[in-house]
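Work through the following exercises with the sequence and the 3D structure at hand. Try each task before you read its solution.

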Amino acid sequence: MNKKTGLIALIIAVVVGGGALAFAFLGGSTKQDYFKAEFKSVQTMVDDFKHRYKPELDYYDMTMEHAVEAKSKMTVDMNSQSALLADVPTDLIKDSHIEMTSQSDMKNKVADVRVKGEVAGMPLDNIYLRLAQHDLFVQLPFLSEVLTINDKKVNELMKENDPEWTEEMSIDFTEFFDQNALPADKDMKHVQDAMLKTLYKNLDDEAFTSTKEKVNVLSEEVNAEKITMDLGPEQLKKATIAILELVRDDKTIQKMVKESITQNAMFEMTSTEEMMNDFNNDINEAIEEVKQSTEKPHLVSTIWIADDFIVKRELTMSDDEETAVQVKGDHLRKKDGHTFQYAFGSVEQPNAFTIQGETKFDGKVTADRIDFAVEDLGTLTYTADETLEKDVRDYKYTFSVQSDMAIAGELVWSGKNEYSKDAMKSSQRVGINYEDIKVEDVALIVESDTKRMKAVSENPTDNIRNLNDMSQDEITTYLETEFEEVGQILQGLMMTTMLDGDMEGAWDEEPMMEFTDADFEEMRAELAEDGIEMTDEEFAEWKLEMQEMFGNE
């Protein structure tokens, strides 16, 4: 089966969205009832999710609409009494911490973060990153000044170094604030309307049939309306071409595709226009492939509907009598949650991929379990236990893997989030259970406090090195001078660690530059223990390189 035809056929089979259309063609036809059931089933699940996580969604909206400040601290909790950690310097690790203070104003395209702390005795300080519309500010521990550069200057430098650089390839720092941004509601409504109308117009009424039927759904008998959509080769070809032409010709869809390409390719060397041309050329090629195809795809999708919700579905997609895709699923929706079971595969392998689970939420308590299984590989299980009381959510999420072919274990994420109108406090603990390692032995702790603020701070003005006023040669010389110290610092850290494992004070002292033959022999032995063995000749060459690097006589 033509892959592009198959992809569009699946989209046709399971139409989602379309709520904005409000089903202007509402009536009594079977075709209308099929599309209405698809929309209402999806909308029900979306509404249930929004109801369950209203505090989180309200908080997210607040951070998108207003300036906020977030302070967080990360530490490691270790059980020094654990036999597993007997040879680990637990005190040194437990004293490690990273603190971050960030401010953001997404509407005005400003965000920054300051980082400080201590890791294994090594202090971290003077780490600062700020993006203010088109201006970038950077401060690092080994830099004597705060560097600033705008995207215009970056593009100038790129053009100087790459003769093939074009204006269409320009970098725009403001696009960072659009990363993962959702399309505008009006655009989504337009696309949903257009897609649904196009499918509706290009699918014959005669392709849909309906009967009343009592059906077994997860061991429960349900009185349902059974609707079957049966699409032969010509119907599929007609609908596929219509959808592809819509994607190519609709201005709003083209705008959304362009925005998506821009968001996901911020630092690509290919221009957005070129990628859009490639995208539309692929569409045109797909249209021609479908027109010229001699294959005979056949799609049958059957849904069972009860109380405006699809409780059961079966789908097969075949080509010349050979079934390529098979989907079967049961789904019960009750007042306090959902129970479901879906299988994706083929006639020969009907359970190639399965999803089954149960979710419950009574307004206060959540209890979920969902299993994702790949046949002959393993199962990923997600469980959630939550309580919600006056906008305070206590939770524990577990992600576990059971497999004979991969690493088996589980990730445990627990904590508490306290929401108010303009703020959120959280305490989180993340750890793993794997073989002898237990969550109680070692875990990452994250404490954070986020609140709304009147406005983010202004751009820094003290101790600034403005790269925008410098030529490329001046920038190169400056950075070479500033970064010269970095190599020495890293070398000092490496050697200090290799010799005695103590990094404390490595930032404050001059790197050790003198090594004896015994030191080199000790390093050779340690490398050999790590699986890096050297012949005498290789060792002599390595030793000479190290002596030259550190200026040893």
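**Exercise 1: a loop residue**

In this predicted model, Lys 390 is placed in the loop between strand E15 (378–389) and strand E16 (392–402). Describe the phi of Lys 390 and decide whether Lys 390 is buried or exposed.

*Solution.* Begin with the backbone: most residues other than glycine have a negative phi. Lys 390 is not a glycine, and yet its phi is positive, at about 55°. Next, turn to the surface, where a residue counts as exposed when its relative accessible area is over 50%. Lys 390 has a relative accessible area of 77% and is therefore exposed.

**Exercise 2: a strand residue**

Find Asn 126 in strand E4 (residues 122–132), and describe its phi and its accessibility.

*Solution.* The phi of Asn 126 is near 55°, which is a positive value in a residue other than glycine. For the second step, recall that partly exposed covers the range between the 20% and 50% limits. Asn 126 has a relative accessibility of 41%, so this residue counts as partly exposed.

**Exercise 3: a lysine in a helix**

Lys 31 is part of helix H2; is Lys 31 buried or exposed, and which residues does Lys 31 touch?

*Solution.* A residue is called buried when its relative accessible area is under 20%. With a relative accessible area of 5%, Lys 31 is buried. Leaving aside residues up to four places away in sequence, Lys 31 touches Tyr 200, Leu 203, Asp 204, Asp 205 and Phe 208.

**Exercise 4: two helices that cross**

Work out how helix H2 (residues 30–52) and helix H3 (residues 54–65) are arranged.

*Solution.* Two packed helices are described by the angle between their axes and the distance between the axes. Here the axes of H2 and H3 come within 5 Å and cross at roughly 85°. Angles of 65 to 115 degrees count as roughly perpendicular, and H2 and H3 are therefore roughly perpendicular to each other. On the side of H2, the contact is made by Lys 50, His 51 and Arg 52, while H3 supplies Lys 54, Pro 55 and Leu 57.

**Exercise 5: the two sides of a helix**

Which residues of helix H11 (residues 517–529) are buried, and why do they lie on the same side?

*Solution.* The buried residues of H11 are Asp 519, Phe 520, Met 523, Arg 524 and Leu 527. Because they cover an arc of only 140° around the axis, they lie on the same side of H11. The face turned away from this buried side carries the exposed residues Ala 518 and Glu 529.

Note on methods. Residues are numbered from 1 along each chain as its sequence is written. This is a predicted model: local features need pLDDT of at least 70, side-chain atom pairs count only at pLDDT 80 or more; totals for chains, interfaces and linings use all residues. Side-chain values use heavy atoms; hydrogens and water are left out. Buried means under 20% relative accessible area, exposed over 50%, partly exposed in between (1.4 Å probe, protein chains only). Helices (H or I, at least four residues) and strands (E, at least two) are DSSP runs, numbered from the N terminus. The arc is that of the directions from the helix axis to the C-beta atoms. Axes are lines fitted to C-alpha atoms, for helices over the stretch in contact, and angles run from 0 to 180 degrees between N-to-C directions. Angles under 35 degrees count as roughly parallel, over 145 as roughly antiparallel, 65 to 115 as roughly perpendicular and the rest as oblique. Contact means heavy atoms within 4.5 Å.
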